[in-house]
Amino acid sequence: MKETKDYKLDKMELKDIQDQITHLAKSYTPEWKFDTTNPDIGSVIALVFSEQTMENKKRFNTFLDRFHTEFANMMGISLLPAQPAQTMISMGLIQDTIPGTYVPKGTKLLSGGENENVVFETSHPVYVTNSKLTNIYMVSGEDGRIIPILGRIPVPSLFKEEEANEVQEEEGFVPFHLFQYKEQGVQKNAIIFYHKTIFDVENETIYMDFQGESVFLEELSKGTIDCVYLSEKGVLPVEELQVDPGRHRIMIRKRLKCHKTEAEGYCALAFIARNPILEDMHFSRVLFASSGEERIPDFVGNGNTDLIPTDFNPFGDTLALFSECFIACDDYFAKAGARVKIRFQMEILEHTVRLSKQQEDEELKIIKRKPRTITSDVVGECYAEEISIEYYNGNGWKRLECDRNYNRLFENADGGMISISFLCPSDWESITNSGYEGRAIRIQLLKSDNCYLIPCNHHYPHLENMKISYSYEERYEPPEKVECIYQTKKVDISNLIASGKTAKAFSKSDYISNALYMGFDKKFENGPVSIYFKMQDDMPFMGTDLEFRYSTINGFKKLRVVDHMRKFTKSGTIRFMPPEDMAMASMEGIRRYWIMLVDDKRIFREDSGYRPKIQQIQMNVVEASNIETLAEESYYMDTVTAHMKFQLNASNILDADVWVNEKSRMTQRQMKQMLREYPARTRAEYDFMGNIQEFYVLWTEVDSFEQSVSTDRHYMLDRIRNQIMFGDGIHVMIPRELDGTAFQIIIRSCEGVRGNVEVNTIQESLANINYIDNISNITMAYGGTNLETVDSALSRSANMLSSRKRLVTQNDYIREVHAMSDNIDKVKCIVGRSADGSFNVDYISIVILMKDYGRNAYSFYKLLPLLQKHLQENCEITVLPANLQIVEPIAMELSVEIWTGESKDETDFEIQEKFREGLRSYLDPVTGNRGNGWEIGEVPKKAQIMMKLNSMKTGAMIRKMAMNVKYTDAQGVHECDIDHLPENPFFICKSGAHKIHIFTQS
């Protein structure tokens, strides 16, 4: 609070009096000179006179102060008591001991550190539980987004192979804005189709026939649905996707081959929704087809020799029965049900075989079982008259059913372009031949007359430019397996599709409200349970009505809580008694005991405006105040007189419980009747016969006895002299018991400013708390003030006189608020506008800058309810409570970026630190700007900042400067150049992040 002005009736100082003597001496005694350095006897007398005159003037100048003080006394002004500091205490159980332990209200704690032996007491009871908060996630009722805050939400991967290789780490707590959904979330919406062959193409086209809701095709055309596949290199997007909505056809082209699942051998194709799904998408049928462009075989061989695929003789140039030729194309021959075409250019060549005499005499080897060569003078003719085309089905070679009979294919002496077509069988298996492994057809020579006749002309086939292709043509195949991912659940719908029923491709979320889910690993065995929410307190949020619920076996029920956060406007706790029917429930695959914070009223409907930011959620936190409850003390009296005063053995007294002994005033019957009617305000002591020996009544503290009547049990506390005072006994009751204890008193006191201890300094308990492992104050203690000063009380009395206890003008509000606390630095009253930017002529906004602004907002929120009540009681009756708003200023972070040359005197680091520290000090809202701070609504000018920078003796010349501001209001976060900053009377300047660029001479 600002100090009161020092008004003087006579403002002359000692030097002024001596100068006046010197001036007058020149007129009255010009021969004498008043010398204060080497005084003669006359100068000594003048010096004594001047000092005595100055003392008289000082006494004269105290008249106004004395009159002001006496006037304040006439108005009944007394000094406001000291205020206790408050803080938040975290407690933890010894690990693996008991489910929890009860810590009663008033448990005494002790601080160490700089302010040693400062006593704090817990403000309410708490049950310290070993139940841990393990999982937190947030959901959007608008579009079903699921955002993890603490712990991992198990979300299925698209493909099993991907899931097996995925390493998921446990997520720690991430600070978040409540019900703000800028992140995509972990939810998925996808449909995965599996087939062993159709999708296994490389640089080929897959055709999809989709029968269902057209919205799927529309979203696919817009690009909001991605198509991916599992390759050897992982999950990749397809290279090309075309949608034909009229025919319900989708053409897909991918570059690489699929990676097949090891167990089933499936290839997979998936469609994934990029955005959350707002409406279900159904389909009734999905069929697939694919085709493969012509390509040369993977391998051609005869069992002994690898042949050139583009130019080869299937049986060599000499025909022999049961000669074999293997033509392999594993990918294409795996397309069960597809039409495979083998096309090649055939030419029949001729080769004459003759034997020497030695060869004629040589016997053939038995293993060949070849008949003895028949020699003749006649040259025979030999053709590949009959062949077989077969495939391997795992058990043996089986005839390949072609579109026509190709048994005499190579008998055609004309040759030309040949095409073989067949439907690819489903039982085709791989073979191993000459180091190649894969599916292949075997062409075997079954009939060739004269093949062993010598001499003989062998007419053998020669094949060139062989190409293999396949196509499903109009024969679309259903997928062999279908899976869907709905948010975080994977469902196999293969049976549903096989039965021809309609199924959901994509599913909207089951969540209908914005909600925050908190999961606990153990059930709360007792209460009250306390959960602490640490908020970002210096943000403009006016609060909102949200509801807490808890999990049961039949869903969620409303949870009754005590809210110390003022509807999420400040850091604080919620306390509740655990319901007996609280039960474990499975949410997103996680079984926990859940507490849900839900926005059923859709207050946060749009993702615009400011949301409260939660920086941490912590269990077992209790509020504590720097209050020391002293032991009860008994007082005795020798005589009864009016206006009795008793000295109290305490300082900084907050309040007291005064129990006055009234046994002499009443009969036994009257005392028992009072015990029944007022049990909280009476107590008694009995003898062994059950008769009341001592009877105490709790009396009430008042500011003065002026309004008291003869039957009132009132007393006053003089907190300056630490005394208790009673009335005259006529107009108000006084203690009268002389036989034994007259009254007993329990005093509660505090340490004032000394109680504002630092973080983690309260670590001991003066009480014996079993099973508690650690105690620590997680916030700095705040709000502790000493007994009101006399100047402050005088200023308050002047305010009362000026406003006549009615708040009318803006200055009335400012003076009244200033008088409420010494911790208030600046106050501004704004009429017609609220902090959220809305305008109304009835609005009265009180903006308060606390002296500890920037460290925390606790002291502001501690003062807030008292201030609201006081202002509402003294303002005009036409001011509605909703129109009187008391807020902190909106922090406007000012960041300065400067470019400067190097200095000859200091290093670059020293220059940067000087500039940064100078800017931080200058822009401090309380102590900056030459110690005056910055007024609320005042924005520093560029010229002021430049002047401050030039006044820093760094030896570096500033070449360029830029100023950027960042602030958060009810509409969200804003950042702009200071020249584009809108006018806002709620702004307060605050130092941001400053950048200093130094250019070297080079």
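**Figure 1. Cysteine environment around C424 in the predicted model.** C424 is buried, with a relative accessible area of 4%. This cysteine takes part in no disulfide, and the nearest cysteine sulfur, that of C329, is 9.9 Å away. Because a disulfide requires two cysteine sulfur atoms within 2.5 Å, the separation of 9.9 Å between the sulfur atoms of C424 and C329 excludes such a bond. The structure as a whole holds zero disulfides. A further cysteine, C325, is buried as well, with a relative accessible area of 0%.

**Figure 2. Helix α4 and the residue that follows it.** Helix α4 covers residues 214-222, and its buried residues are F216, L217, E219 and L220. Viewed along the axis of α4, these buried residues fall within an arc of 165°, and they therefore line one face of the helix. An α-helix has 3.6 residues a turn, so residues three or four places apart point the same way. Just after α4, G223 adopts a positive phi of about 90°.

**Figure 3. Surroundings of Q187 in the loop between β8 and β9.** The loop that holds Q187 is placed between β8 (176-177) and β9 (188-195). Q187 is buried, with a relative accessible area of 11%. Which residues are in contact with Q187, leaving aside its neighbours within four places in sequence? They are G144, R145, I146, P276 and Q487. The C-alpha atom of Q187 is separated by 9.8 Å from that of N275, a residue 88 positions apart from Q187 along the chain.

**Figure 4. Nonpolar surface patch that includes V48.** I41, V44, I45 and V48 together make a nonpolar surface patch of about 370 Å². V48 is located in helix α2, which comprises residues 41-74. The relative accessible area of V48 is 41%, so this residue counts as partly exposed.

**Figure 5. Overall context of the close-up views, with 13 helices and 62 strands in the protein.** Of the 1002 residues, 50% count as buried. The protein exposes about 50,700 Å², and carbon and sulfur atoms supply 48% of this area. Among contacts with a separation of 6 or more, 76% are accounted for by residues 24 or more positions apart.

Notes: Residues numbered from 1 in each chain as written. Predicted model: local features only at pLDDT ≥ 70, side-chain atom pairs only at ≥ 80, totals over all residues. Heavy atoms only, no water. Helix = DSSP H or I, 4+ residues; strand = E, 2+ residues; numbered from the N terminus. Buried < 20%, exposed > 50% of the residue type's maximum accessible area, 1.4 Å probe, protein only. Contact = heavy atoms within 4.5 Å. Areas by Shrake-Rupley, 256 points an atom, 1.4 Å probe, with all protein chains shown as cover. Patch = residues over 30% accessible without salt bridge, like charges linked within 9 Å, V, L, I, M, F, W, Y side chains within 5 Å. Salt bridge = Lys/Arg side-chain N within 4 Å of Asp/Glu carboxyl O. Arc of directions from axis to C-beta.
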